[in-house]
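Open the model in your viewer and keep the selection tool at hand. The tour below goes stop by stop.

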Amino acid sequence: MQETDLSAAVVTVPLLRRMKAEQRPIAMLTAYDASFARAMDAAGVDAVLVGDSLGMVAQGRSSTLAVTLDDMVYHTASVARGLRRPLLVADLPFLGYATRERALDGAQRLLGEAGASMVKLEGAGPGLDVVRCLAERDVPVCGHIGLTPQSVLKLGGYRVQGRDSTVAARLRADALALQEAGASLLVLECVPRQLAGEITQLLDIPTIGIGAGASCDGQVLVMHDMLGVGHGSRRPRFVKDFLAGSGSVEAAFRTYVQDVHAGVFPAHEHGYD
Ligand SMILES: Nc1nc(=O)c2c([nH]1)NC[C@@H]1CN(c3ccc(C(=O)N[C@@H](CCC(=O)O)C(=O)O)cc3)CN21
Ligand SMILES: CC(C)C(=O)C(=O)O
Ligand SMILES: [Mg+2]
């Protein structure tokens, strides 16, 4: 098949699947406003996530739990105005998909009102029903397993998930169940690199890793982290400062995109065993 220039094409769900099939890594970043979104578009970022991490990096809270659907709609609409090419994904907030009705309302607002093209929700289990409900109604869904920050109170902190074989087996099963329920994309957060690679091989849908090694089909980082803003010296292993040595914010985004596309980022030191 002809190698087409994917750097110009508007990014869609089928294009992401094609990138997986052709082993072209997907470069994703989070954004929360139009100006940074515009710079990401210019830098060739493939997908942009309006993460509920905005509760931490924009609102200064210690977790993502207080973020509301109104907050997500406001930031997603702002980001959408800055984008042309990348696929725009928006997080459903904590308890925003506790029932099918809430999830459908959230999807209507994020896709219909704010301009996202996909919603993301954490976990499997009871969430599988909701994923099925959304997917059957043609709402593209991104799953998110491993370290799920909306579970921080139950998890007791932000720690790597899937180091023991019981949890690893559950993550494999959850990944397959999410694909089966109709998810189009899957974020793997803070999962040992080998397990993330196995899950990526198991699935037809693309995986996007954060702290999940280089074998995922794509990578995502929180924008503030990759610009060196916020974490100080106690930053998680998977964070790399791309602004240091790049000279400008847009150049940092470009370096990130190049490094993800070339398979240079993440390096071994950015992952977990
Ligand atoms: N700015 C920011 N970046 C993120 O990546 C992020 C957020 N906020 N907020 C929501 C969650 C929380 N995240 C975190 C936060 C801390 C670690 C962390 O310190 N991890 C330890 C792992 C320790 C272990 O279990 O081995 C590390 O040392 O990397 C990981 C993910 C990821 N998400
Ligand atoms: C870290 C990513 C995957 C996320 O969910 C967020 O930014 O909220
Ligand atoms: Mg999130």
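**Stop 1: serine 53.** Select serine 53, in the loop between β2 (47-50) and α3 (54-57). The model is a predicted one. Is serine 53 buried or exposed? It is buried, because 21 other C-beta atoms lie within 10 Å, and 20 or more are enough to count as buried. Now show its contacts, leaving aside neighbours within four places in sequence. You should find Thr30, Thr64 and Val222.

**Stop 2: aspartate 52.** Step back to aspartate 52, which also sits in the loop between β2 and α3. Aspartate 52 is buried, with 27 other C-beta atoms within 10 Å. Not counting residues up to four places away in sequence, aspartate 52 touches Thr64, Val67, Met72, Asp91 and Pro93. Follow the contact to Asp91 for the next stop.

**Stop 3: aspartate 91.** Aspartate 91 belongs to strand β3. It counts as buried because it has 31 C-beta neighbours inside 10 Å. Which residues does aspartate 91 contact, leaving aside its neighbours within four places in sequence? They are Val50, Gly51, Asp52, Met72 and Lys120.

**Stop 4: the annotated positions.** Select Asp52, Ser53, Asp91 and Lys120 together; an unreviewed UniProt entry lists them under "binding site". They are spread over 69 residues of sequence, yet they cluster in space, with a largest C-alpha distance of 12.5 Å. Next, select Asp52, Asp91 and Glu122, which a "binding site" annotation in the unreviewed UniProt entry covers. These are spread over 71 residues of sequence and also cluster in space: the largest C-alpha distance is 11.0 Å.

**Stop 5: ligand 2.** Show the residues around ligand 2. Asp52, Ser53 and Asp91 are among them. Add Thr30, Leu49, Gly51, His144, Val187, Glu189, Ile210, Val220 and Val222 to complete the shell. Color by class, and the shell divides into five nonpolar, four polar and three charged residues.

**Stop 6: ligand 1.** Move to ligand 1. How many residues surround it? There are 16, and the closest are Tyr158, Arg159, Val160, Val222 and Pro236. Two elements, α3 and α10 (223-226), give two or more residues to this shell. By class, the shell around ligand 1 has nine nonpolar, four polar and three charged residues. Val222 is listed among the residues around ligand 2, and it is also one of the closest to ligand 1.

**Stop 7: helix α5.** Select residues 100-113, which form helix α5. Its 14 residues reach 19 Å from first C-alpha to last, close to the 20 Å expected at 1.5 Å a residue. Highlight the buried residues of α5: Ala103, Gly106, Ala107, Arg109, Leu110 and Leu111. What do they pack against? Their partners are α4 (69-82), β3 (87-91), β4 (118-120) and α6 (127-136). Then look past the helix to glycine 115, which follows α5 and has a positive phi, near 100°.

**Stop 8: the whole chain.** Zoom out and switch to cartoon. The protein has eleven helices and eight strands. Its radius of gyration is 17 Å, close to the 19 Å that the globule rule gives for 273 residues, so the protein is as compact as a globular protein of that length. The C-alpha trace spans about 45 × 45 × 40 Å along its principal axes. Color by burial: 51% of the 273 residues count as buried. Last, draw contacts between residues at least 6 apart in sequence; 62% of these join residues at least 24 apart.

Technical notes:
Residues are numbered from 1 along each chain as its sequence is written. Chains are lettered from A and ligands numbered from 1 in the order in which they are written. This is a predicted model: local features need pLDDT of at least 70, side-chain atom pairs count only at pLDDT 80 or more; totals for chains, interfaces and linings use all residues. A residue is near a molecule or strand if its C-beta atom, placed from the backbone, lies within 6 Å of it. Ala, Val, Leu, Ile, Met, Phe, Trp, Tyr, Cys and Pro count as nonpolar, Asp, Glu, Lys and Arg as charged, and the others, Gly among them, as polar. Helices (H or I, at least four residues) and strands (E, at least two) are DSSP runs, numbered from the N terminus. The expected span of a helix is 1.5 Å times one less than its number of residues. A residue is buried if 20 or more other C-beta atoms lie within 10 Å of its own, exposed if 12 or fewer, and partly exposed in between; C-beta atoms are placed from the backbone. Two residues are in contact if their C-beta atoms, placed from the backbone, lie within 7 Å. UniProt positions are given in the numbering used here, feature names are shortened, and annotations may be inferred rather than shown by experiment. The radius of gyration is taken over C-alpha atoms; the globule rule is 2.2 Å times the number of residues to the power 0.38.
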